[in-house]
Amino acid sequence: MQTSTRDRIVVATARLLQRQGYVGTGIKQIAKESQATLGSIYHFFPGGKEAVAVAAIRHGDQEFAALLKDALDSEPEPAEAVVSCTRQLAAGLKESGWIDGCPVTAAALETLGADSELQKACADALNGWERLVLGKLLGCGFPADDAREVATTVISAIEGAEVTAQVNRSEEPLLAAGRQLARLIRSYGIDAAGR
């Protein structure tokens, strides 16, 4: 199946942002990586670099949300589901040569203190991922307040572990985070049947 020019631009930008951040990604590099002309980029994204970056963040958000949802759905127990997710992330990160980390982390860090569409797209992504974990926990019988806090903890720990894994070129930070998050989840004594 042939991808559209717009899709090529979005996917190429998502990979560039993932690997080198927003500041480190130029519009000419996006054109080169996507095999598109500058005219095409401005045709599809009249707002320029920020507009294409927002679309790329949303694309990365959807990709990670699908991986997270698959991992959460792969195991009935929420603790095992989180371990499955961290294992998948660790394997993918290693396979990429430690360069394809979280699709929003680099851009999110560069937007701190800014009130921009890019910052909002990053916040939406993180909040959406938390909602996926929250849904799994609620479905297993966690009290709502505990489920919200645990979901925030899961996404925060995974995000931090992924950066640490990249920096150290090691799967272990993600695997350790998965084990410890599973321990936290099990400490509530609630299983997939909500008991």
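**Exercise 1. The α4/α5 pair**

Within how many Å do the axes of α4 and helix α5 (residues 78–95) come, and at roughly what angle do they cross? Classify the crossing and describe its contact by residue class.

*Solution.* The model is predicted: local features require pLDDT of at least 70 and side-chain atom pairs count only at pLDDT 80 or more, while totals for chains, interfaces and linings use all residues. Residues are numbered from 1 along each chain as its sequence is written, and side-chain values use heavy atoms, with hydrogens and water left out.

Step 1. The two axes come within 7 Å and cross at roughly 135°. Axes are lines fitted to C-alpha atoms, for helices over the stretch in contact, and angles run from 0 to 180 degrees between N-to-C directions. Helices are DSSP runs (H or I, at least four residues), numbered from the N terminus.

Step 2. That angle makes α4 oblique to α5. Angles under 35 degrees count as roughly parallel, over 145 as roughly antiparallel, 65 to 115 as roughly perpendicular and the rest as oblique.

Step 3. The crossing of α4 past α5 is right-handed (the near helix is turned clockwise from the far one by less than a right angle).

Step 4. On the α4 side, F64, L67, L68, A71, L72 and S74 meet A81, S84, C85, Q88 and L89 of α5. By class, this contact has eight nonpolar, three polar and no charged residues. Here Ala, Val, Leu, Ile, Met, Phe, Trp, Tyr, Cys and Pro count as nonpolar, Asp, Glu, Lys and Arg as charged, and the others, Gly among them, as polar.

**Exercise 2. The two faces of α2**

Determine which residues of helix α2 (residues 27–34) are buried, and how they are arranged about its axis.

*Solution.* Step 1. I27, I30, A31 and S34 are the buried residues of α2 (buried means under 20% relative accessible area, exposed over 50%, with a 1.4 Å probe and protein chains only).

Step 2. Viewed down the axis of α2, these buried residues fall within an arc of 100°, so they line one face of the helix. The general rule is that an α-helix has 3.6 residues a turn, so residues three or four places apart point the same way.

Step 3. K28 and K32 are exposed, on the face of α2 turned away from its buried side.

Step 4. The buried residues of α2 pack against α1 (5–20), α3 (38–44) and α4 (49–74). After α2 comes Q35, whose phi is positive, near 55°.

**Exercise 3. T13 in α1**

Establish the environment of T13.

*Solution.* Step 1. T13 belongs to helix α1 and is buried, with a relative accessible area of 1%.

Step 2. Neighbours within four places in sequence aside, T13 is in contact with I30, V52, A53 and A56 (contact means heavy atoms within 4.5 Å). Among these partners, I30 is one of the buried residues of α2.

Step 3. T13 and A55 are 42 residues apart in sequence, and their C-alpha atoms are 8.7 Å apart in space.

**Exercise 4. V154 and the α7/α8 pair**

Locate V154 and characterise the helix pair to which it contributes.

*Solution.* Step 1. V154 lies in helix α8 and counts as buried at 1% relative accessibility.

Step 2. The axes of helix α7 (residues 117–139) and helix α8 (residues 144–168) come within 8 Å and cross at roughly 130°; α7 and α8 are therefore oblique to each other.

Step 3. V154 is among the α8 residues that meet α7, whose side includes W129, E130 and V133. By class, the contact of α7 with α8 has 12 nonpolar, one polar and three charged residues.

Step 4. Neighbours within four places aside, V154 is in contact with V82, V133, L181 and I185.

Technical notes: The arc is that of the directions from the helix axis to the C-beta atoms.
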